[in-house]
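Please read this briefing alongside the sequence and the model shown below. The notes are grouped by topic, with the cut-offs given where a term first appears.

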There are 2 protein chains.
Amino acid sequence: MQHSEEIVNKKIEELKNECKKRGMRVTPQRIVIYREVAKSCVHPDAEAVYESVKKELPNISFDTVYRTLASLEDMGMIFRVDNQLPKARFDADKTPHHHFLCVNCGEVYDIKLEDKEDLKIPAHAAEFGDIKDMNLQVRGICNKCKTNK
Amino acid sequence: MQHSEEIVNKKIEELKNECKKRGMRVTPQRIVIYREVAKSCVHPDAEAVYESVKKELPNISFDTVYRTLASLEDMGMIFRVDNQLPKARFDADKTPHHHFLCVNCGEVYDIKLEDKEDLKIPAHAAEFGDIKDMNLQVRGICNKCKTNK
DNA sequence: ACTGTTATTAAGAATAATTCTTAATAACAA
DNA sequence: TTGTTATTAAGAATTATTCTTAATAACAGT
């Protein structure tokens, strides 16, 4: 399943504004790469983004995908999902939520929060420096992997 | 600062027991590598472990460090710290705690929890599968990096 | 203690993910 | 339309990690 085109288009407008604000050029590569991450629900890795983007921009290079994902991250338009795997995975959802990581297949699922479940910053966290963000990782075996064993 | 020798020795006994229980051999490499992680407070990466271990076992190979860290992780004796960096970092502390990750220098700090601060599993988390563990990452700029700018 | 079995190791080659280098291209300001 | 310069494609290079192979050593059984 993918996020609706309406929501994705709104996010692309936001990207364009953010680019202009920062003096960055609005290139088709940037738009298409961001759209891939924004519309996907599976927190794709660089390779998955590359494969999808290639359908629209067949000459895209792997380097452009990596470079663009890094710059989108710098802009705060996407986030890297903390995982313990060699491949980085990306998420364009800025609203507070957590992740369920399957230790077997590496799949990442979004955990929606109940109203009262927003995380409190641990009392001792601020002792170490200025906090930028915070997120909770739940690790386990996903339902798909459970049945496939 | 490092963990006290007394605590570390206790952990090494636990490692030996765990090895025997699993039919794994108690080799000097395994002990020394585990001791490095157990006594360190900085969540060392494989390279840091390798450099320290080499002082005691000059012929140790990089591969042995990687292989041993992976097997210690399988045994549940150490954990990989989730980070967004290419180098994996390890932690031998099994008590519940969180991490402050500096996005600038990559340093990892332990966040001790107040008594009432234990994490609740998010209501929707279990929908995705069987939960193994859970941890909170706080990201920001550490004090050291703040002053060095 | 000795011996055989087999897990573990060292060494270095191989791999996988990512980043760098360079010259060409294209966004966009003027 | 043009010039400036950020961005790109291509492919080489790098970095962290894993694999392959033959040698070594832990330890169970004698």
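In which sense do strand β3 of chain A and β4(A) pair, and over how many bridges? They pair in the antiparallel sense, over 4 bridges, with β3 of chain A covering residues 98-102; two strands are taken to pair if DSSP finds at least two bridges between them, and the elements themselves are DSSP runs numbered from the N terminus, with helices (H or I) of at least four residues and strands (E) of at least two.

This is a predicted model, in which local features need pLDDT of at least 70 and side-chain atom pairs count only at pLDDT 80 or more, while totals for chains, interfaces and linings use all residues. Residues are numbered from 1 along each chain as its sequence is written, chains are lettered from A and ligands numbered from 1 in the order in which they are written, and side-chain values use heavy atoms, with hydrogens and water left out.

**Chain A and the sheet**

- Chain A holds 5 helices and 5 strands, which follow one another along the sequence in the pattern α-α-α-α-β-β-β-β-β-α.
- Taken along the principal axes, the C-alpha atoms of chain A fill a box of roughly 45 × 45 × 30 Å.
- Strands from both chains form an open sheet of 6 strands with mixed pairing, in the order β4(A)-β3(A)-β5(A)-β5(B)-β3(B)-β4(B).
- At the edges stand β4 (108-111) of chain A and β4 (108-111) of chain B, each with a single partner strand, so one side of each is left without a neighbour in the sheet.
- Neighbouring strands of this sheet are turned by 30° against each other on average, direction ignored, where the axes are lines fitted to C-alpha atoms and angles between N-to-C directions run from 0 to 180 degrees.
- Within the chain A pair, L101(A) stands opposite V108(A) in β4(A).
- In chain B, β3 (residues 98-102) and β4(B) pair in the antiparallel sense over 4 bridges, and H98(B) stands opposite I111(B) in β4(B).
- The hairpin of β3(B) and β4(B) has 5 residues between the strands, and G106(B) takes a positive phi near 85° there.

**Relation of the two copies**

- Chain A is superposed on chain B by a rotation of 179° with 0.0 Å of shift along its axis, at an RMSD of 0.1 Å; the fit is by least squares on the C-alpha atoms of residues with pLDDT of at least 70 in both copies.
- The two copies are thus related as by a two-fold rotation axis, and in chain A the C-alpha nearest that axis, 2.2 Å from it, is that of L136(A).
- The same surface serves both copies, since 100% of the contact residues of chain A recur in chain B, contact meaning heavy atoms within 4.5 Å.

**DNA strand D**

- There are 21 residues around DNA strand D, and T64(A), R67(A), D63(B), Y66(B) and K87(B) come nearest; a residue is near a strand if one of its heavy atoms lies within 4 Å of it.
- Of the atoms of DNA strand D within 4 Å of the protein, 72% belong to sugar or phosphate and the rest to bases.
- A polar side-chain atom of Y66(B) lies 2.4 Å from a phosphate oxygen of DNA strand D, and a backbone N or O atom of N59(A) lies 3.4 Å from a phosphate oxygen of this strand.
- A base nitrogen of DNA strand D is 3.3 Å from an N or O atom in the side chain of R25(B).
- The largest share of the surface near DNA strand D comes from α4(A), with 4 residues.
- By class, this surface near DNA strand D divides into 7 nonpolar, 7 polar and 7 charged residues, with Ala, Val, Leu, Ile, Met, Phe, Trp, Tyr, Cys and Pro counted as nonpolar, Asp, Glu, Lys and Arg as charged, and the others, Gly among them, as polar.

**DNA strand C**

- Of the 19 residues around DNA strand C, D63(A), Y66(A), K87(A), T64(B) and R67(B) come nearest.
- Sugar or phosphate accounts for 70% of the atoms of DNA strand C within 4 Å of the protein, and bases for the rest.
- A polar side-chain atom of T64(B) lies 2.2 Å from a phosphate oxygen of DNA strand C, while a backbone N or O atom of A88(A) lies 2.9 Å from a phosphate oxygen of the strand.
- α4(B) gives the most to the surface near DNA strand C, with 3 residues.

Terms used: A polar contact is a pair of N or O atoms within 3.5 Å; within protein, one must be able to donate a hydrogen and the other to accept it, and residues adjacent in sequence count only if both atoms are side-chain atoms.
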